[in-house]
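The following account leads the reader through the structure shown here, passing from whole chains to a single helix and a single residue.

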Amino acid sequence: MTLLDVKALTKNFGGLTAVSNVTMHLDNNELVALIGPNGAGKTTLFNLLTGVIIPSEGTVSLQTEHGLQVLNKQKPYKIAAAGMARTFQNIRLFKDLTVEENVLIAMTDKNKEGFVESIFRLPSFYRKEAALHQQVVELLSIFKMENQLETLARNLPYGAQRRLEIVRALATKPQILFLDEPAAGMNPEETADLTRLIQQIQSEFHITVLLIEHDMSLVMNLAERIYVLEYGKLIAEGTPKEIQSNQRVINAYLGGGD
Amino acid sequence: MQTVLQQLVNGLSLGSIYALLALGYTMVYGIIKLINFAHGDIYMLGAFWGYYVINQWHFSFWPALLSAMVFCALAGVVIEYLAYRPLRNSPRIAALITAIGVSFLLENGMSYLFSSNVRNFPQAMAVKSYNFLGVKISNIQILILVVSIVLMILLQLIIRRTKMGKAMRAVSVDPDAAQLIGINIDRTISFTFALGSALAGAAGVLIGLYYNSIDPLMGMTPGIKAFVAAVLGGIGLIPGAALGGFVIGLLETATQALGFSAFKDAVVYVVLIIILLVRPAGILGKNIKEKV
Amino acid sequence: MKKNLKYNAIWLAIAILGYVLIYALEMVGVIDQFGETTLVLIGINIILATSLNLVIGFAGQFSLGHAGFMALGAYSSALVTSVIPTVGGFLIGLLVGILVAGLVALIVGIPTLRLNGDYLAIATMGAAEIIRIILNNLKVTNGPAGLYNIPMLANWGTVYILVVITTLIIVNFVHSRNGRAVMSVREDEIAAESIGINTTKYKIIAFVLGAAIASIGGALHANYIQTINPSDFGIMESINILIIVVLGGIGSITGTFVAAFVLGLLDMVLQNFGTLRMVLYSLALILIMVFKPSGLLGTWEFSVRRLFNHKKAKGDA
């Protein structure tokens, strides 16, 4: 079943068309990769899908429990609430807050603590906080970070920061998770760990994952389907096998061809 | 029509003083992102210097103006060196508080040393009034306008044509890159303070001559107004500061002429807020979006 | 749960102990009238500065117009208590001030909180000046002459209790769902939006709460000093509050307390220096900032819980 439907999405920056007429879809519980040479517009496409940038033309619609919801021109926080969460290429954690706080903030919507009960520290406040704490610990333990609850995000090692960002996104209970170069800056061992982790997330949380990645071994291992972007246009779509033998894709990467 | 023209003349004279001050704010902000709260007090120092040299050393107007500019340039450089340079890599708000401290120090230090009395600025030149089609304009108003405009053109030339000016622009865009290509950051910042403070010194002498009264706290209100002018025009931009200064001068005189002098500052702030809401980076400013 | 009760009980004990201590010192005459006034002013400054710290330190929004909200609280309470000069009147005055300041903060905040950094600072400064100029020209506020003979309905005890209550509100707010969301706005607005935080809403919540609490400081000022006029609430007052926040350490409530005390005592000592007082004050300010740019305490916070865990850890070792 189609979960996310993107139709003719276009973004112009002045005279430059960064993303041009992109039509794509994501199905339920699917792991899709978005690849393309540097500057192809992959991150811009992510920003369009998650509302950071408003598209010039086209529509993005998501199948939610309330039916099909058109998401473009919505504020990013509304898009997140509708069930789309993301990570960032250049890691955007809440650096001066603890690991636990980073995850708790992502649960703000699900947290029903009232203003009065938290100001007066009523027993119900402590109950709700304890329940949330439990959820945070459970979530973090999947990523083996449950012992770092009190660590400031800025003091985490690089790989752990990337993992925390994924945890934070998952804490919003998304339907779709967008990962922007999750393996950037990781060594092969860390990348292998990450590959297993992404698979685990997808199966355990039953969510759809769209990831941008330059590490081809990771992409070919993980992705069920691949979209290839070049100069803002989709030039190919298919299984890893099909993509590997696609002449246009090879040309795009090697700079040859037409 | 006559009243409108008359107010236009008055507004432009006042506006050019604000513009001179606003230029200093905007240059310093452009280069080290500091709201130099003490800038209005440099202008006060300029006025006091003028007062002193005209009375004691019997300087005429031009030497008084030039020496005040030199004196204020030195004062600006010293203040930057002692108070701001140690905080160059600190949180910006710490530098702001230091600037406020320097402002307090100058105001209260001057009050302590020379008493806080208001005093009459010596008449360095006889006031003459001319009538142009029924509009009264004094030689001092003409002088203020001409001097301000000449100084602004000079400043523009320095920034556009000289090596130091190029260095200033480079540092304001990207200090690290500027350093990499061999620009001496410290010297460039000192130079910026010197330029801005010299303009403030000139404004101080001019306002002394115009309003004929000076006191140690005279820099507070015009200082804040000039900063508002710089923000209004688009902070960091030289033409923006000049434009903002004139806009505020004209606004103030216009409100006064319409009989709302009690609300003249309120009008300035209302216009400021409206402009910021419509153009968050000021009239001439460009909005830069954060890259994700 | 039991642990939480224990920590809260310790905080309560500290608060009561402080009250008893001041009371005792006053009884034996260590704190005279002058000392009491100093303490009251420090207390009012704590209320003003902690509420500004909520906006600047926790929400990360640079507001330079706090004195405007203080003014609204002061005038509301002064006007109400001049009609109803009782404790009940003071409470109504407080409430009116909170509502007025909160409402004005909402009106000012919704458009201006879209601005960033120094632009926001200058816009809020402008808003506060507009408030002051309006107070300066209204009949009911008696224009530039201001209000006098305001009934003295606040003493050091009132101030003490309100310091405790407002601090409790701010600290508990920060460590709750809403407070954490507010901090995420300070840390990274784009990331916060990406996980469903309506950043505009939380900025406004912090701004309105800060303004409401500042109005309490204003009301205490009016009903203790007994005279107010618009010039008490100018840019300089906003700056004085800002100085306390930055000096203590942005984002540290403990630091705000320390800075309010340090500056209050410094001011008391400097009274003897006459005109030299402000010169020394400004020198002290510059020197502290040059040598301690992150404020006296940085972001350090006193915590009973940590104190206990620390002791326990030591005991275990």
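**A buried helix and its surroundings**

Within helix α9 of chain B, the buried residues are B:Pro222, B:Gly223, B:Ile224, B:Lys225, B:Ala226, B:Phe227, B:Val228, B:Ala229, B:Ala230, B:Val231, B:Leu232 and B:Gly233. The coordinates belong to a predicted model, and every value below is to be read in that light. Because twelve of the 14 residues of α9(B) are buried, this helix is largely enclosed by the rest of the structure. The threshold behind that statement is 20 or more other C-beta atoms within 10 Å of a residue's own.

The enclosure of α9(B) draws on two chains. Its buried residues pack against α1 (2-32), α2 (39-56), α10 (238-257) and α11 (264-278) of chain B, and also against α5 (117-137) and α10 (235-248) of chain C. The length of the helix can be checked as well: at 1.5 Å a residue, the 14 residues of α9(B), residues 220-233, should span 20 Å, and the end C-alpha atoms are indeed 20 Å apart. Just after the helix, B:Gly234 adopts a positive phi of about 115°.

Chain B as a whole supplies the setting for this helix. Its secondary structure amounts to eleven helices and four strands. The C-alpha trace spans about 60 × 45 × 35 Å along its principal axes. For 292 residues, a compact globule would have a radius of gyration near 19 Å; chain B has 19 Å, so the value agrees with that expectation. Of the 292 residues in chain B, 52% are buried. Among contacts in chain B with a separation of 6 or more, 77% are accounted for by residues 24 or more positions apart.

An annotation can be laid over this chain. The unreviewed UniProt entry gives "transmembrane region" for residues 12-32, 60-82, 94-114, 140-159, 189-211, 226-254 and 266-285 of chain B. Two of these spans may be examined in the model. Residues 12-32 of chain B are 100% helix and 0% strand, with end C-alpha atoms 30 Å apart. Residues 226-254 of chain B are 86% helix and 0% strand, and here the end C-alpha atoms are 17 Å apart. The second span takes in B:Gly234, the residue with positive phi that comes just after α9(B).

Which elements of chain B supply the side that touches chain C? The contact between the two chains involves 35 residues of chain B and 32 residues of chain C. On the chain B side, α4 (92-114), α9 and α11 each supply at least two residues. The largest share of that side, 13 residues, comes from α4(B). By residue class, the side of chain B that touches chain C divides into 27 nonpolar, six polar and two charged residues.

Chain C, the partner across this contact, has 13 helices and zero strands. Its C-alpha trace spans about 65 × 55 × 45 Å along the principal axes. A compact globule of 317 residues would have a radius of gyration near 20 Å, and chain C, at 20 Å, agrees. Buried residues constitute 53% of the 317 residues in chain C. Of the contacts in chain C between residues at least 6 apart in sequence, 80% join residues at least 24 apart.

The domain assignment divides chain C into domain 1 (1-31) and domain 2 (32-316). Their C-alpha centres lie 23 Å apart. Nine residues from domain 1 of chain C and nine residues from domain 2 of chain C take part in the contact. On the domain 1 side, these residues divide into seven nonpolar, one polar and one charged.

A single residue of chain C gives a local view. C:Tyr160 is found in helix α6, residues 156-174, of chain C. Is C:Tyr160 buried or partly exposed? With 18 C-beta neighbours inside 10 Å, C:Tyr160 counts as partly exposed. Neighbours within four places in sequence aside, C:Tyr160 is in contact with C:Tyr19, C:Ile22 and C:Gly43. The pair C:Tyr160 and C:Gly43 is separated by 117 residues in sequence, yet the C-alpha atoms are 6.7 Å apart in space.

Chain A also has a domain assignment, with domain 1 (2-83 + 174-254) and domain 2 (96-165). The centres of these two domains, taken over C-alpha atoms, are separated by 28 Å. Five residues from domain 1 of chain A and four residues from domain 2 of chain A form the contact. The domain 1 side of it divides into three nonpolar, one polar and one charged residue.

Terms used: Residues are numbered from 1 along each chain as its sequence is written. Chains are lettered from A and ligands numbered from 1 in the order in which they are written. This is a predicted model: local features need pLDDT of at least 70, side-chain atom pairs count only at pLDDT 80 or more; totals for chains, interfaces and linings use all residues. The expected span of a helix is 1.5 Å times one less than its number of residues. Two residues are in contact if their C-beta atoms, placed from the backbone, lie within 7 Å. Domain bounds come from an automatic or database domain assignment. Ala, Val, Leu, Ile, Met, Phe, Trp, Tyr, Cys and Pro count as nonpolar, Asp, Glu, Lys and Arg as charged, and the others, Gly among them, as polar. The radius of gyration is taken over C-alpha atoms; the globule rule is 2.2 Å times the number of residues to the power 0.38. UniProt positions are given in the numbering used here, feature names are shortened, and annotations may be inferred rather than shown by experiment.
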